[in-house]
Structure formats: C-alpha cells, structure tokens
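Reader: I have a structure open and no idea where to begin. Can we go through it together?

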Amino acid sequence: MAKPDNRNDNAEKLQQMKENTEHNIEAAEESLAHTDMKEEQKQSIKEKNKRRVESIRGFEAEMADEMQARKNGYKGEK
C-alpha cells in the first residue's frame, strides 16, 4: 500500500535543495578560479552550472506552488 501524500514540508525541502545547489555552484566557481584544469573540464563545469541555475529556477517555481497551496488551505489530506 502506498504512503499517503504528505506535502507539509515540501517547501522546506525544496528550499534546502535550492541552497545546496547554490552552494555547489559557488564551489564549482571557486574551483574554476583556483585550480589548473584543461579547457574541456572548465567547459564541463560551466555547463553543469548552467543546468544548476535551471534547477534553481525550477525549485523556486515549485516552492511558489507549494506556498500557494498552503495559502489556499492545503492540509495534506488525500
């Protein structure tokens, strides 16, 4: 039997995922600035950071949806 849908802490989980992703971007940028690496590796990190930025936008949109659901009285019942 499947567990019931519990959205009570989704916004907080999304916020933590967003912060972790932001930290990963910063760490990658720091690595780019202070590590000798091949241009191919640098490009790979830059592309990965672009995808991370896209993920952050997705997290923000999902957080907005979750906050709206809370505002509209979502209580986690199904």
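**Two helices, step by step**

Author: Let's start with one residue: Glu-19 lies in helix H1. Keep in mind that this is a predicted model.

Reader: Is Glu-19 buried, exposed or partly exposed?

Author: Glu-19 is partly exposed, because its relative accessibility is 38% and the partly exposed class runs between 20% and 50%.

Reader: What is the distance between Glu-19 and Ile-56?

Author: Their C-alpha atoms are separated by 8.7 Å, although the two residues are 37 residues apart along the chain. Ile-56 is one of the buried residues of H2.

Reader: And Glu-47 to Glu-19, how far is that?

Author: That pair is 19 Å apart, C-alpha to C-alpha, with their positions 28 residues apart in sequence. Glu-47 is found in helix H2. Glu-47 counts as partly exposed because its relative accessible area is 37%.

Reader: Let's zoom out. How many helices and strands are there?

Author: The chain has 2 helices and 0 strands. H1 covers residues 10-34, and H2 covers residues 39-71.

Reader: What is the length of H1, and what would be expected?

Author: H1 reaches 36 Å from its first C-alpha to its last, close to the 36 Å expected for its 25 residues at 1.5 Å a residue.

Reader: Same question for H2. What should it span?

Author: With 33 residues at 1.5 Å each, H2 should span 48 Å, and its end C-alpha atoms are 48 Å apart, so the two values agree.

Reader: What comes after H2?

Author: Gly-73 follows H2, and its phi is positive, near 95 degrees.

Reader: Which residues of H1 are buried?

Author: In H1 they are Ala-11, Leu-14, Lys-18, Thr-21, Ile-25, Ala-28 and Leu-32. H2 is part of what covers them.

Reader: And in H2?

Author: There the buried residues are Asn-49, Arg-52, Ile-56, Phe-59, Met-63, Glu-66 and Ala-69. They pack against H1.

Reader: The numbers go up in threes and fours. Why do residues three or four places apart point the same way?

Author: An α-helix has 3.6 residues a turn, so residues at that spacing end up facing the same way.

Reader: Pick one of the buried ones. What does Asn-49 touch?

Author: Leaving aside residues up to four places away in sequence, Asn-49 touches Asn-24, Ile-25, Ala-28 and Glu-29. Asn-49 counts as buried because its relative accessibility is 5%, and the cut-off is under 20%. Ile-25 and Ala-28 are among the buried residues of H1.

Reader: How about Ser-31, buried or partly exposed?

Author: Ser-31 sits in helix H1 and counts as partly exposed, because its relative accessibility is 25%. Ser-31 and Asp-65 are 34 residues apart in sequence and 34 Å apart in space, C-alpha to C-alpha.

Reader: What about the overall shape? What is the radius of gyration?

Author: The chain has 17 Å, whereas a compact globule of 78 residues would be near 12 Å. Along its principal axes the C-alpha trace spans about 55 × 30 × 15 Å.

Reader: What share of the residues is buried?

Author: Buried residues make up 21% of the 78. The chain exposes about 6300 Å², and carbon and sulfur atoms supply 48% of that area.

Reader: Last topic, charges. How many positive and negative ones?

Author: The chain has 16 positive and 18 negative charges, and their mean positions are 3 Å apart.

Methods:
Residues numbered from 1 in each chain as written. Predicted model: local features only at pLDDT ≥ 70, side-chain atom pairs only at ≥ 80, totals over all residues. Heavy atoms only, no water. Helix = DSSP H or I, 4+ residues; strand = E, 2+ residues; numbered from the N terminus. Rg over C-alpha atoms; globule rule 2.2 N^0.38 Å. Buried < 20%, exposed > 50% of the residue type's maximum accessible area, 1.4 Å probe, protein only. Areas by Shrake-Rupley, 256 points an atom, 1.4 Å probe, with all protein chains shown as cover. Lys, Arg positive; Asp, Glu negative; His and termini not counted. Charge placed at Lys NZ, Arg CZ, Asp CG, Glu CD. Expected span 1.5 Å × (residues − 1). Contact = heavy atoms within 4.5 Å.
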